[in-house]
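Good morning, colleagues. I should like to take you through one chain, beginning with its overall character and then turning to individual helices and residues.

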Amino acid sequence: MISDVQLGICANILGIAMLMLVVLFHYLSANQKNKTDQIIYVMSSQPRATGVQPGPSFSPTTSPISQRNFRYEPARSGYTSPGGYSTYSTSTTADRVGCLTAVRMSAFAKLSRFTRRLVHIRQMDFEFALWQMLYLLIQPSKVYKNFIYRKRTKDQFARDDPAFLVLLSLSLLFSSIFYAYALGLSKTGFFTFFLWSVFVDCIAVGVVIATILWWVSNRFLRKVRDQDVEWGYCFDVHLNAFFPMLILLHVIVPILYPTLIDSPSFLSVFLGNTFWFLAACYYVYITFLGYTALPILHKTQYFLYPISFIFMFFVATLTAGWNISKTALYFYHSRAEPHKFAPQHNGL
């Protein structure tokens, strides 16, 4: 029989090997993406065949005084934003992005349009939202190509269709059924657990994370001056990264909890903590892909640094024998039905 110590050594070796593979894959992906972004950025800064050229051009008859008084403006990002200029236009009219004309809208107008579509089901594209959910699990980088296309056509990176948010809420509703079964929740406890999952775990935490990353991206990672990162896009990145976590932690963990995870053995600790480790790494990776897809940002490899700390925490929990899944389910149960965990006061 293999002892717990031997299993612990094997688990640590396996974890280190997984971390090395993940870091290597991220490093190769980041380098390839940075090279592609540099090529796109250089191509977008090139002068067009017609119209005003962004660089200086002097005729043979231009006087030296005119050349000295000429003021050269560096090329911008090539993407337009409300109130900004593009590489292809020097006027205050609607900028042209590619072959289409950008529609200028304020942030309030975009939010109003999103809210209006939220109450009109026929205007939601649920088929495309399902496609995004599928590819977030198998090929998340493909999802962000659509965000770039939306920026070129609708002048915004963030989603203008609330179908993804609606389907994510429905996924939380159905996944709460698994937790209700695993924890033995009542109908009231199930409803409370669902409300906590949607409005606190998903939306409230997402608002905090999106706000922090929005400020960090615009303050430290932006490489152009005529374009900024939209807060709505940061929240969309959180929703994208949250969905795989939902599948791992709200579907697979409660299904395996009664038989494989709810046990004092090391294998149960390793299995329960591994799901949380994979979910956290997947969240960080999809977040990294989301901000790397923006051509206006640089040094986005910083978003991968939390994986090292997550791995060290994962090894520490295995060494200490702390089953994170058991602790999480106890916390979820006490949050959904707090009256069952309230201290009992015996009268004299």
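Accessible areas here come from the Shrake-Rupley method with a 1.4 Å probe. On that basis, the accessible surface of the chain comes to about 19800 Å², and 68% of this surface belongs to carbon and sulfur atoms. Please bear in mind throughout that this is a predicted model.

Let me begin with confidence. The mean pLDDT of the chain is 76, and 64% of the residues reach 70 or more. Over residues 48-62 the pLDDT stays under 50, and the model has 13 contacts for that stretch beyond four places in sequence. Residues 64-68 also have a pLDDT below 50, with 2 contacts beyond near neighbours in sequence. Where pLDDT is low, the predicted coordinates should not be read in detail.

Next, the overall architecture. The chain holds 11 helices and 2 strands. Read from the N terminus, the order of elements is α-α-β-β-α-α-α-α-α-α-α-α-α. Of the 348 residues, 41% count as buried. Among the contacts with a separation of 6 or more, 72% join residues 24 or more positions apart.

Where does UniProt place the feature "transmembrane region"? The unreviewed entry gives residues 6-28, 162-181, 193-216, 237-257, 269-291 and 303-324. I shall comment on two of these spans. Residues 193-216 are 100% helix and 0% strand in the model, and the end C-alpha atoms of that span are 32 Å apart. Residues 303-324 are 73% helix and 0% strand, with end C-alpha atoms 24 Å apart.

I turn now to single helices, starting with H5, residues 143-154. This helix has 12 residues and reaches 17 Å from its first C-alpha to its last, close to the 16 Å expected at 1.5 Å a residue. The buried residues of H5 are Val143, Tyr144, Asn146, Phe147, Ile148, Arg150, Lys151 and Thr153. Charged side chains are therefore not absent from that list, which includes Arg150 and Lys151. I withdraw that last remark as an inference of my own: it is enough to say that Arg150 and Lys151 are among the buried residues of H5. Directly after H5 comes Asp155, whose phi is positive, near 60°.

Which helix falls short of the length of a straight one? That is H8, residues 231-261. H8 has 31 residues, yet its end C-alpha atoms are only 38 Å apart, short of the 45 Å that a straight helix would reach at 1.5 Å a residue. H8 bends by about 45° at Val253, and a proline, Pro254, follows within four residues.

Phe242 also lies in H8. Is Phe242 buried or exposed? Its relative accessibility is 9%, so Phe242 counts as buried, the cut-off being under 20%. Leaving aside residues up to four places away in sequence, Phe242 touches Leu168, Leu172, Asp201, Cys202 and Tyr283. The C-alpha atoms of Phe242 and Ala279 are separated by 8.8 Å, although these residues are 37 apart along the chain.

H9 makes a useful counterpart. At 1.5 Å a residue its 27 residues should span 39 Å, and its end C-alpha atoms are 38 Å apart, which agrees. H9 is mostly covered, with 21 of its 27 residues buried.

Beyond H9, in the loop between H9 (266-292) and H10 (306-320), we find Lys299. The phi of Lys299 is near 60°, a positive value in a residue other than glycine. Most residues other than glycine have a negative phi. Lys299 is partly exposed, with a relative accessible area of 41%.

Finally, H10 and what follows. Pro306 lies in H10 and is partly exposed, with a relative accessible area of 34%. The C-alpha atoms of Pro306 and Tyr285 are separated by 9.8 Å, and the two residues are 21 apart along the chain. Thr317, also placed in H10, counts as buried at 2% relative accessibility. Not counting residues up to four places away in sequence, Thr317 touches Val269, Asn273, Trp322 and Ile324. Gly321 lies in the loop between H10 and H11 (324-336) and counts as partly exposed at 44% relative accessibility. The C-alpha atoms of Gly321 and Asn273, 48 residues apart along the chain, are separated by 9.9 Å. Asn273 is thus named twice here, once as a contact of Thr317 and once in the distance to Gly321.

Thank you for your attention.

Notes: Residues are numbered from 1 along each chain as its sequence is written. This is a predicted model: local features need pLDDT of at least 70, side-chain atom pairs count only at pLDDT 80 or more; totals for chains, interfaces and linings use all residues. Side-chain values use heavy atoms; hydrogens and water are left out. UniProt positions are given in the numbering used here, feature names are shortened, and annotations may be inferred rather than shown by experiment. The expected span of a helix is 1.5 Å times one less than its number of residues. The bend at a residue is the angle between axes fitted to the seven residues ending there and the seven starting there. Buried means under 20% relative accessible area, exposed over 50%, partly exposed in between (1.4 Å probe, protein chains only). Contact means heavy atoms within 4.5 Å. pLDDT is the predictor's confidence in each residue, from 0 to 100.
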